[in-house]
Amino acid sequence: MKVLVFILSLFCCYAMADDNIPAAVKAFEKQGIKIIRQVKMPGGMPVWLGEYQGTGITIFMAPDGKHAISGFLYDDKGNNLSQQLFTKELYAPQGRKFWQAMKNAHPITEGKSSAARQIFVFADPYCPYCKEFWAAAQPWISAGKIQLNTLLVAILNPKSGQVASGILSSSNPASAWHDYELSGGKKTPPPLTATPPGIAGQLQFNQQLMDQLGANGTPAIYYMNDNNELQQVIGMPDKDQLTSIFGPLN
């Protein structure tokens with residue numbers, strides 16, 4: 001299972017004012033590292049939280065105040081305290097922002113809103129593994145255990161956009177998608193003479209959101225773990241992964 005590491009563009013507003021950054025720490029900016037703020041960590045050294053190309057950085061000030069070191073802080077049990085800091089301060093908050101963005105993207109929804117787990121998946125109409133994942137989810141949906149939210153994209157086939165647009169333009173997209181997947185892609189909606197601008201915009205938004213999440217294929221599956229951290233699985237999950245994603249069926 002993959003815990004997401006995001007491009008932390010939304011954290012630019014947290015960068016410290018230049019006059020509050022010691023020269024030895026500020027020197028790291030020449031390497032492209034963004035200094036976010038000073039943080040408290042065990043060990044007694046002053047520590048600054050930074051970011052480089054979407055990855056968290058911890059910078060430690062030497063006792064002389066003139067030298068600084070970048071790296072990870074571990075405790076005596078081998079726990080990576082820097083990574084815990086990155087997850088808490090950077091990755092988890094950004095993951096929750098993406099989670100809300102997926103909720104606001106008008107997905108095709110199957111299952112009860114009161115279900116214990118919410119699952120989001122980016123799917124292409126011509127993706128065979130998307131169909132396999134959809135079929136695997138049906139027992140959990142029928143049992144009221146999960147709500148499956150599908151965000152359609154058009155990336156695999158020249159006809160993907162036409163089929164996706166037809167499904168999203170139907171009077172009941174959830175029913176149209178269900179029939180399409182259940183038929184193995186044989187029951188397609190009537191072709192459109194032209195894609196409505198709103199539908200084209202929706203597909204484009206889904207694609208952009210998928211790109212921002214760093215997904216490079218379908219199905220791209222997202223869910224929140226017990227620590228409220230966004231998790232990502234790309235491709236058809238194996239049996240153990242399905243249990244982690246959906247939870248117990250019985």
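# Exercises on a predicted model

In this predicted model, the side chains of Asp179 and Lys187 meet in a salt bridge, at 3.6 Å from N to O. Let us start there and work outwards.

**Exercise 1. Find out why the contact between Asp179 and Lys187 counts as a salt bridge, and how exposed Asp179 is.**

Step 1. Take the distance: the N to O separation for Asp179 and Lys187 is 3.6 Å.

Step 2. Compare it with the cut-off. A side-chain nitrogen of Lys or Arg must lie within 4 Å of a carboxyl oxygen of Asp or Glu, so this pair qualifies.

Step 3. Turn to the surroundings. Asp179 has a relative accessible area of 26%. Buried means under 20% and exposed means over 50%, so Asp179 is partly exposed.

**Exercise 2. The structure holds 4 salt bridges. Look at the pairs Lys26 with Glu29 and Arg37 with Glu89, and describe where the second pair sits in the chain.**

Step 1. Begin with Lys26 and Glu29, whose side chains meet at 2.8 Å, N to O. Lys26 is partly exposed at 27% relative accessibility, and Glu29 is partly exposed too, at 30%.

Step 2. Move on to Arg37 and Glu89, which form a salt bridge at 2.4 Å, N to O. This pair links distant parts of the chain: Arg37 belongs to strand E2 (residues 34-39) and Glu89 to helix H2, 52 residues apart.

Step 3. Check the exposure of this pair. Arg37 has a relative accessible area of 25%, so Arg37 counts as partly exposed. Glu89, at 23%, is also partly exposed.

**Exercise 3. Helix H2 packs against helix H6. Are they roughly parallel or antiparallel?**

Step 1. Read off the geometry: the angle is about 165 degrees, and the axes are 11 Å apart.

Step 2. Apply the cut-off. Angles over 145 degrees count as roughly antiparallel, and H2 and H6 are therefore roughly antiparallel to each other.

Step 3. Add the handedness: H2 passes H6 in a left-handed crossing.

**Exercise 4. Which backbone features stand out at His106, Asn228 and Pro219?**

Step 1. Recall the usual case. Most residues other than glycine have a negative phi, and most peptide bonds are trans.

Step 2. Look at His106. Although His106 is not a glycine, its phi is positive, about 55 degrees. His106 lies in the loop between helix H2 (81-103) and strand E6 (108-110) and is exposed, with a relative accessible area of 61%.

Step 3. Do likewise for Asn228, another non-glycine residue with a positive phi, about 60 degrees. Asn228 is in the loop between E9 and strand E10 (230-234), and is partly exposed at 38%.

Step 4. Finish with Pro219. The peptide bond from Thr218 to Pro219 is cis, with omega near -5 degrees. Pro219 sits in the loop between helix H6 (197-212) and strand E9 (220-224).

**Exercise 5. Which residues form a nonpolar patch on the surface, and where is Tyr126?**

Step 1. Name the members: Tyr126, Ile155 and Leu156 make up the patch, with about 250 Å² of accessible area together.

Step 2. Place Tyr126, which is in the loop between strand E7 (117-123) and helix H3 (128-142).

Step 3. Test its exposure. Tyr126 has a relative accessible area of 31% and is partly exposed. Patch members need over 30%, so Tyr126 meets that cut-off.

**Exercise 6. How many helices and strands does the protein have, and what share of its residues is buried?**

Step 1. Count the elements: there are 7 helices and 10 strands.

Step 2. Give the share: 44% of the 250 residues are buried.

How values were computed
Residues are numbered from 1 along each chain as its sequence is written. This is a predicted model: local features need pLDDT of at least 70, side-chain atom pairs count only at pLDDT 80 or more; totals for chains, interfaces and linings use all residues. Side-chain values use heavy atoms; hydrogens and water are left out. Helices (H or I, at least four residues) and strands (E, at least two) are DSSP runs, numbered from the N terminus. Buried means under 20% relative accessible area, exposed over 50%, partly exposed in between (1.4 Å probe, protein chains only). Patches are made of residues with over 30% relative accessible area and no salt bridge: like charges are joined within 9 Å, nonpolar side chains (Val, Leu, Ile, Met, Phe, Trp, Tyr) within 5 Å. Accessible areas come from the Shrake-Rupley method with a 1.4 Å probe; for residues, only the protein chains shown count as cover. Axes are lines fitted to C-alpha atoms, for helices over the stretch in contact, and angles run from 0 to 180 degrees between N-to-C directions. Angles under 35 degrees count as roughly parallel, over 145 as roughly antiparallel, 65 to 115 as roughly perpendicular and the rest as oblique. A crossing is left-handed if the near helix is turned anticlockwise from the far one by less than a right angle, and right-handed if clockwise.
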